[in-house]
Amino acid sequence: MPVPIRRLFVALTLCCALVAGATACGSEKSSAKDTGAAQAVPAADSPSPSASPSAERQKLAKTRFVANAGLAAGATYQWIVKPWKAGKFKKGAKGRRTALIKAGLAGAFAYNRLKAAQKNAQGDPLLSKAIAPLSAGIDSLKNLPSKLRKGDGDAASSFDDIIGKVKGAGEDAGAPVKDQVPSGSQLAKG
């Protein structure tokens, strides 16, 4: 008797999935028709788009900037600054290899998030002006893992300085950044 119940359950699940998929596809087509009709009529009071393509406006630019910069700051503090202050990057230190691996992953993650935050900042006029001078500093963070392996203590300090400047720029533009330590899966994804 258990076999027919299983088959019934599988058949019912598949039917529900098909109905839900068909419903979703149907509403997508009708919404595309509605938006096409709405776009055909120009609005008299709509703002004109930005002249430069690099300053493309993003929806919720400040919120995205805060999230990305916060993740970069959290990863930097947790896996680069704290071990650096504890002396884990010095040659002969216990746990140095593990600390360097984590710092390398965190450095790549933070660099990725800072680049995303920089792109988000272009969607807001105040943020774009505040972040523009930091572009060279953000680009210089690419070499952090190799500098740490060589025992360069200034590498962690420069990373911390750039994060501090990004946080200060966000504060000045009305988008305060708070540290958010990323999960291990976020760190691994980059």
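1. Asp-179 and its partner. In this predicted model, Asp-179 has a relative accessible area of 38%. That value lies between the 20% and 50% cut-offs, so Asp-179 counts as partly exposed. Its side chain meets that of Lys-167 in a salt bridge, with 2.7 Å from N to O. The pair ties distant parts of the chain together: Lys-167 belongs to helix 7 (residues 153-172), while Asp-179 sits in the loop between helix 7 and helix 8 (184-189). The two residues are 12 apart along the chain. Lys-167 is partly exposed as well, at 26% relative accessibility.

2. The other salt bridge. How many salt bridges does a search of the whole structure find? The search finds two. Besides the Lys-167 and Asp-179 pair, Asp-139 and Lys-115 meet through their side chains, at 2.8 Å from N to O. Here too, distant parts of the chain are linked. Asp-139 is in helix 5 (residues 135-139) and Lys-115 is in helix 3 (residues 96-121). The separation along the chain is 24 residues. Asp-139 is partly exposed, with 33% relative accessibility. Lys-115 is partly exposed too, at 31%.

3. Overall make-up. The chain has eight helices and zero strands. Read from the N terminus, the order of elements is α-α-α-α-α-α-α-α. The chain holds 190 residues, and 31% of them are buried.

4. Helix 2, length and bend. Helix 2 covers residues 61-85, which is 25 residues. From its first C-alpha to its last it reaches 34 Å. The expected span at 1.5 Å a residue is 36 Å, and the value found is close to that. Where does helix 2 bend? The bend is at Tyr-77, by about 40 degrees. Just after the helix comes Gly-87, with a positive phi of about 80 degrees.

5. Helix 2 against helix 3. Two packed helices are described by the angle between their axes and the distance between the axes. For helix 2 and helix 3 the angle is about 165 degrees, and the axes are 8 Å apart. The angle is over 145 degrees, so helix 2 runs roughly antiparallel to helix 3. The crossing of helix 2 past helix 3 is left-handed. Helix 3 is also the element that carries Lys-115, one end of the salt bridge to Asp-139.

6. Ala-69. Is Ala-69 buried or exposed? Its relative accessible area is 3%, which is under the 20% cut-off, so Ala-69 is buried. The residue lies in helix 2. Its C-alpha is separated from that of Val-166 by 7.4 Å, although the two residues are 97 apart along the chain.

7. Lys-142. This residue is in the loop between helix 5 and helix 6 (144-149). Its relative accessible area is 54%; that is over the 50% cut-off, so Lys-142 is exposed. Which residue, 35 away along the chain, has its C-alpha 8.0 Å from that of Lys-142? The residue is Gly-107.

8. Points to check on screen. For the salt bridges, look at Lys-167 with Asp-179, then at Asp-139 with Lys-115. For helix 2, look at the bend at Tyr-77 and the positive phi of Gly-87. For C-alpha pairs separated along the chain, look at Ala-69 with Val-166 and Lys-142 with Gly-107.

Technical notes:
Residues numbered from 1 in each chain as written. Predicted model: local features only at pLDDT ≥ 70, side-chain atom pairs only at ≥ 80, totals over all residues. Heavy atoms only, no water. Salt bridge = Lys/Arg side-chain N within 4 Å of Asp/Glu carboxyl O. Helix = DSSP H or I, 4+ residues; strand = E, 2+ residues; numbered from the N terminus. Buried < 20%, exposed > 50% of the residue type's maximum accessible area, 1.4 Å probe, protein only. Expected span 1.5 Å × (residues − 1). Bend = angle between axes of the 7 residues up to and from the residue. Axes fitted to C-alpha atoms, helices over the stretch in contact; angles between N-to-C directions. Parallel < 35°, antiparallel > 145°, perpendicular 65-115°, else oblique. Left-handed = near helix turned anticlockwise from the far one by under 90°.
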